Amino acid sequence: MDKINMKPAWVFSPQPMYLIGTKNEDDTPNFCIITWLGFSFDNGPHLMLTIGGSKQTKTNIMREQSFSANLISTDMIWLADYFGTTTGEEKLKNDMSFHYSWGNHRKVPILDQSKWVYECSVSKTIELEGSHLFLARIENIQIDKSLEDMNMEMIDLEKLDPVIYAPYNYFSIDKRIGGCGEWRSQR
Ligand SMILES: Cc1cc2nc3c(=O)[nH]c(=O)nc-3n(C[C@H](O)[C@H](O)[C@H](O)COP(=O)(O)O)c2cc1C
């Protein structure tokens with residue numbers, strides 16, 4: 001296949017989207033979308049977030065050293081879009097209705113609507129040129145009770161129905177196309 005070269009400006013990271021939940025100083029919750037997000041592993045699973053500029057989420061993470069990452073499924077996309085396009089630095093984000101509780105391991109807000117939520121504590125913060133990179137240990141996972149019979153070694157993404165982001169659009173996934181190691185029977 002012929003390739004063309006492009007400036008490294010058009011990068012996209014099409015992993016499922018997450019709403020990052022943090023506690024404001026007055027014990028109210030704040031949520032925002034972070035898509036510069038990745039996973040890492042070192043003696044347990046970790047999440048990595050890159051937050052640019054000044055954001056309520058960044059201020060809260062620096063103070064509390066913890067956050068939740070709430071998987072966004074397609075039925076929550078407009079609530080997520082609201083949280084990702086308004087800032088808690090201006091006013092409390094309460095223009096759309098939502099329910100939450102506090103985490104079991106960390107005082108981080110957990111969105112009722114999210115089917116898969118990580119409770120994280122920050123283990124390293126790296127200051128970049130205007131952005132901050134947070135490496136955080138996943139301390140606990142809260143999943144929707146309806147998923148309790150799912151085989152956790154073969155997580156069924158169709159049931160989680162995650163939203164995928166590619167600038168500046170939201171996509172859903174289509175369907176399972178096969179299993180690990182199936183290449184042998186697919187030759
Ligand atoms: C789809 C989408 C993806 C985003 N990804 C990031 C990101 O990876 N890093 C970041 O710093 N901001 C990102 N943002 C911007 C923040 O969500 C936005 O600035 C938000 O208003 C911050 O809210 P806060 O000030 O209450 O934390 C994204 C926004 C959208 C809509």
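## Around the ligand

A polar contact here is a pair of N or O atoms within 3.5 Å. With that in hand, look at the backbone of this predicted model: a polar backbone atom of Ile33 sits 2.9 Å from an oxygen atom of the ligand. Gly52 does much the same job on paper, with a backbone N or O atom 2.9 Å from a ligand oxygen, and for Gly84 the corresponding distance is 3.4 Å. On its own the ligand would expose 660 Å², and the protein buries 85% of that.

As for where the ligand sits, that's the largest pocket. The shell around it counts 19 residues, and the closest are Trp36, Thr57, Thr86, Thr87 and Gly88.

## Who builds the shell

Which element gives the largest share of the shell around the ligand? That's β2, with 4 residues. Strand β2 (29-34) is joined by β4 (45-52) and α1 (56-64), and each of these supplies at least two shell residues. By residue type, the shell splits into 7 nonpolar, 10 polar and 2 charged.

## Thr22 and Lys159

Thr22 belongs to strand β1 (residues 18-23). Is Thr22 buried or exposed? Its relative accessible area is 0%, so Thr22 counts as buried. Its side chain makes a polar contact of 3.0 Å with the side chain of Asn60.

Lys159 is a resident of helix α3 (residues 157-160). Its relative accessible area is 46%, so this lysine is classed as partly exposed. Leu147 is 12 residues away from Lys159 along the chain, and the C-alpha atoms of the two are 8.0 Å apart.

## Backbone oddities

Most residues other than glycine have a negative phi, and most peptide bonds are trans. A few spots in this model go the other way, so they're worth a look while you have the structure open.

Start with Asn43, in the loop between β3 (37-41) and β4. Asn43 isn't a glycine, yet its phi is positive, at about 55 degrees. Its relative accessibility is 66%, over the 50% cut-off, so Asn43 counts as exposed.

Asp161 also has a positive phi, about 50 degrees, without being a glycine. You'll find Asp161 in the loop between α3 and β10. With a relative accessible area of 24%, Asp161 is partly exposed.

Finally, there's a cis peptide bond between Pro167 and Tyr168, with omega about -20 degrees. Tyr168 lies in the loop that runs between β10 (163-166) and β11 (169-172).

How values were computed. Residues numbered from 1 in each chain as written. Predicted model: local features only at pLDDT ≥ 70, side-chain atom pairs only at ≥ 80, totals over all residues. Heavy atoms only, no water. Near = heavy atom within 4 Å. Polar contact = N/O pair within 3.5 Å; in protein donor to acceptor, adjacent residues only side chain to side chain. Areas by Shrake-Rupley, 256 points an atom, 1.4 Å probe, with all protein chains shown as cover. 1 Å grid on protein atoms, 1.4 Å probe; cavity = no way out; pocket = protein on both sides within 12 Å on 5 of 7 lines; lining within 4 Å. Sits in = over half its atoms within 2 Å of the grid points. Nonpolar A, V, L, I, M, F, W, Y, C, P; charged D, E, K, R; others polar. Buried < 20%, exposed > 50% of the residue type's maximum accessible area, 1.4 Å probe, protein only.
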